[in-house]
Amino acid sequence: MKVKLLIINMKVKLLMIILSFFYSCDLVNIEEDIPSIINIESIELQGNHTSNITDAWVYIDNEFQGVYPLPANFPILKTGNQKITIEAGIKKNGISSSRVNYNYFISYKLDTVLSENKSIKLYPKVNYSLTNFPYNENFEGIGSSLKVISDSLNHSLIKIYDSSNNKFGNYYVKSEISGEFGELFECNTNNFNLPKNQAIYLEMDYKCNSTFIIGIYAKNNSTEIKTPIIYLNKKDSWNKIYISLTETIANYNEANEFKIFFALPRDTSLAHNEMYLDNIRLLYEE
């Protein structure tokens, strides 16, 4: 009889412990915050400019919330009147693992009210922070600022008229090379005196049927050094890319002039190699 009572008492105590555990868990969860939801389909670059904005960098009351790939739909554990700041993010050098907030776009700011369990749609618009671009070749004027420096006789560089997309303007340039393996078509810009203590980006739209190279010439009083920066692979449709020149330029402290080159090597597995360029821009503070 005593054994049975002991077993019953142990069961009762165990049941009380279990109930106490669940009750305490409920007490913790009673005060859980209910998030509000922010939806951002895209970030628009105003004006007739092409862009490739891939991410939203979100701040609320100057507190960083996170980086959200677009289109984005995410919870925020804040309610009431809030000051929202959104910075446009890009893929630096076109690399998915190198996502940065682009410092040449002005941030989008909004004062709004966030409510528990309510969704709000935002339509951010941004502008360039620069009023002038140190170099801006959209091929809309007479001729082209690109100079052909090529070791191939089997090449062409021509302007093509196309008014199908007003953000691209009416013209772009097409480079084509044929001939023997090892031949190379190259065109480059004028010389620039680039700063070595700030961010420098090259923006451009391009497409190509084989790999081409973008790089710089760094020149001091006695020597000129050619340095490839990025190899761009086949792209059948137009693509916007943001190429950082900052790190490369900083390596040439003694250089006083730079120019950018675009080189198309001959790939004889194709009848001819093609490179299309448009909206080439250098961005830095002058």
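**Surface, strands and a buried asparagine**

Let's start on the outside: about 16100 Å² of the protein chain is exposed, and carbon and sulfur atoms account for 51% of that area. Keep in mind that this is a predicted model. Out of 286 residues in the protein chain, 40% count as buried.

As for secondary structure, the protein chain has 21 strands and two helices. Contacts also reach across the sequence: take those between residues at least 6 apart in the protein chain, and 73% of them link residues at least 24 apart.

Strand β5, which covers residues 72-76, gives a nice look at how side chains are arranged. In a regular strand, side chains alternate between the two faces of the sheet. In β5, A72, F74 and I76 point to one face and are buried. N73 and P75 point to the other face and are not buried. This strand also has a partner: β1 (residues 36-40) pairs with β5 in the antiparallel sense, over five bridges. Within this pairing, I40 sits opposite A72 of β5, and A72 is one of the buried residues just mentioned.

Further along the chain there is strand β15, made up of residues 184-188, and N188 belongs to it. N188 has a relative accessible area of 3%, so it counts as buried, the cut-off being under 20%. What is N188 in contact with, once its neighbours within four places in sequence are left aside? The list consists of S145, L146, K147, I149, Y217, K259, I260 and F261.

Conventions. Residues numbered from 1 in each chain as written. Predicted model: local features only at pLDDT ≥ 70, side-chain atom pairs only at ≥ 80, totals over all residues. Heavy atoms only, no water. Helix = DSSP H or I, 4+ residues; strand = E, 2+ residues; numbered from the N terminus. Buried < 20%, exposed > 50% of the residue type's maximum accessible area, 1.4 Å probe, protein only. Contact = heavy atoms within 4.5 Å. Areas by Shrake-Rupley, 256 points an atom, 1.4 Å probe, with all protein chains shown as cover. Pairing = 2+ DSSP bridges.
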